[in-house]
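Please open the structure in your viewer and keep the sequence visible beside it. The tour proceeds by selection, one stop at a time.

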Amino acid sequence: MSRGYSRRQFLKVPVALSIAAAAPGLTGRLFAEQPDFLADQTARPGEHPLMPALRIANYGKQHIEQNIQDYSCTIVKRERIDGTLGDNEYMFAKVRHQPFSVYLYFLGPDAIKGREVMYVDGSNENKLMAHEAKGIRSKFGTVSLHPDSFLAMKGQRYPITELGVLNLTKRLIEVAEHDKQYGECEVKFYNGAKINGRTCTCIEVTHPVPRKQFLFHIARVFVDSELKVPVRYEAYEWPETQGGPPVLLEQYTYLNMKINNGFADSDFDHRNPNYRFVRN
């Protein structure tokens, strides 16, 4: 790839990636001297239990907006679509915040390996570009799709325009602002949690009783203690049977994150010779 990446390099990421076993890859001591907003974990007298988590999320949003221009990573995604929990999907990603730009190369499973997807806000009529590497759909070459169209959303819970740690943080703020209008909420902090060998603070939010106003039973956010960004989010529905396990809705993990690579427009250009987009 441009900017120091080659197809060979990122294809070395194993398809059978394990959160517990993958080699540590989040890098950088860029923000080691930043104030530790993760330490503010206690609710003030009379506050809703969500307020410490909401303060952390707001500080985190500000931190990302002010200090992180772009990043590369491996995304591991698992989603429940129409009641069916899919397999883990693995993607090498480049993300730039201004203008919002995404490049994805799918590493696995085998059925989607080699797929490439690109989106740049304000370009290509705000449509994403995508192509398959194999199968019948690959014969159509590169296609342009509205991010929220039926084909683009097939097998997805969210459009590509909502991908990334900044969008995740914004979404967490939005949900917390909504949920703090209600009671029946428990919030716990677990310091020293580990994701991919990295130390994180885990924020766990639980709504014990199913209510129509709540989107989840349990949600966990893992914030990297050094980089101060969320590197894992998982949400569960209430158990299907009394005493049963919670039901996984969605899970996103950002591994091997490299911050501020100085990505250029060429990193999000379908004409980049390291990519395989073809204009019909």
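The stops below cover strands, a lysine in a loop, salt bridges and aromatic rings.

This is a predicted model, in which local features need pLDDT of at least 70 and side-chain atom pairs count only at pLDDT 80 or more, while totals for chains, interfaces and linings use all residues. Residues are numbered from 1 along each chain as its sequence is written, and side-chain values use heavy atoms, with hydrogens and water left out.

**Stop 1: strand β4 and its neighbours**

Select residues 101–108, which make up strand β4. Helices (H or I, at least four residues) and strands (E, at least two) are DSSP runs, numbered from the N terminus. In β4, 8 of 8 residues are buried; buried means under 20% relative accessible area, exposed means over 50%, and partly exposed lies in between (1.4 Å probe, protein chains only).

Next, add residues 89–96, strand β3, which runs antiparallel to β4 and is joined to it by 7 bridges. Two strands pair if DSSP finds at least two bridges between them. Tyr-90 has Gly-108 of β4 as its bridge partner. With 4 residues between them, β3 and β4 form a hairpin.

Now add residues 116–120, strand β5, which is antiparallel to β4 and joined to it by 5 bridges. Here Leu-104 is partnered by Val-117 of β5. In a regular strand the side chains alternate between the two faces of the sheet.

**Stop 2: Lys-228**

Select Lys-228, in the loop between β10 (218–224) and β11 (230–237). Which side chain of opposite charge is nearest to Lys-228? It is Asp-36, 4.1 Å away, and the buried Lys-228 has no salt bridge. Lys and Arg count as positive and Asp and Glu as negative, while His and the chain ends are not counted. A salt bridge is a side-chain nitrogen of Lys or Arg within 4 Å of a carboxyl oxygen of Asp or Glu. Display Ser-225 as well: its backbone oxygen lies 2.6 Å from a polar atom of the Lys-228 side chain.

**Stop 3: salt bridges**

By the salt-bridge rule, the count comes to 20. Select Glu-250 and Arg-157, whose closest N and O atoms are 2.7 Å apart in a salt bridge. Glu-250 lies in strand β12 (residues 247–259) and Arg-157 in the loop between α3 (150–153) and α4 (165–179), so the pair ties together parts that are 93 residues apart in sequence. Glu-250 is buried at 6% relative accessibility, whereas Arg-157 is partly exposed at 28%.

Move to Glu-234 and Arg-220, which form a salt bridge at 3.0 Å, N to O. Because Glu-234 belongs to β11 and Arg-220 to β10, this pair ties together parts 14 residues apart in sequence. Glu-234 is buried, at 5% relative accessibility, and Arg-220 is partly exposed, at 21%. Then select Asp-40, Arg-44, Glu-47 and Arg-55, which are linked in a network of salt bridges.

**Stop 4: aromatic rings**

The structure holds 7 aromatic pairs. Rings of Phe, Tyr and Trp (its six-membered ring) pair if their centres lie within 6.5 Å; planes under 30 degrees apart count as stacked, over 60 as edge-to-face and the rest as tilted. Select Phe-263 and Phe-268: their ring centres are 6.0 Å apart and their planes stand at 85°, so the pair is edge-to-face. Both Phe-263 and Phe-268 are buried.

Finally, select Tyr-103, Tyr-275 and Phe-277, which ring pairs link into a cluster.

Terms used:
A polar contact is a pair of N or O atoms within 3.5 Å; within protein, one must be able to donate a hydrogen and the other to accept it, and residues adjacent in sequence count only if both atoms are side-chain atoms.
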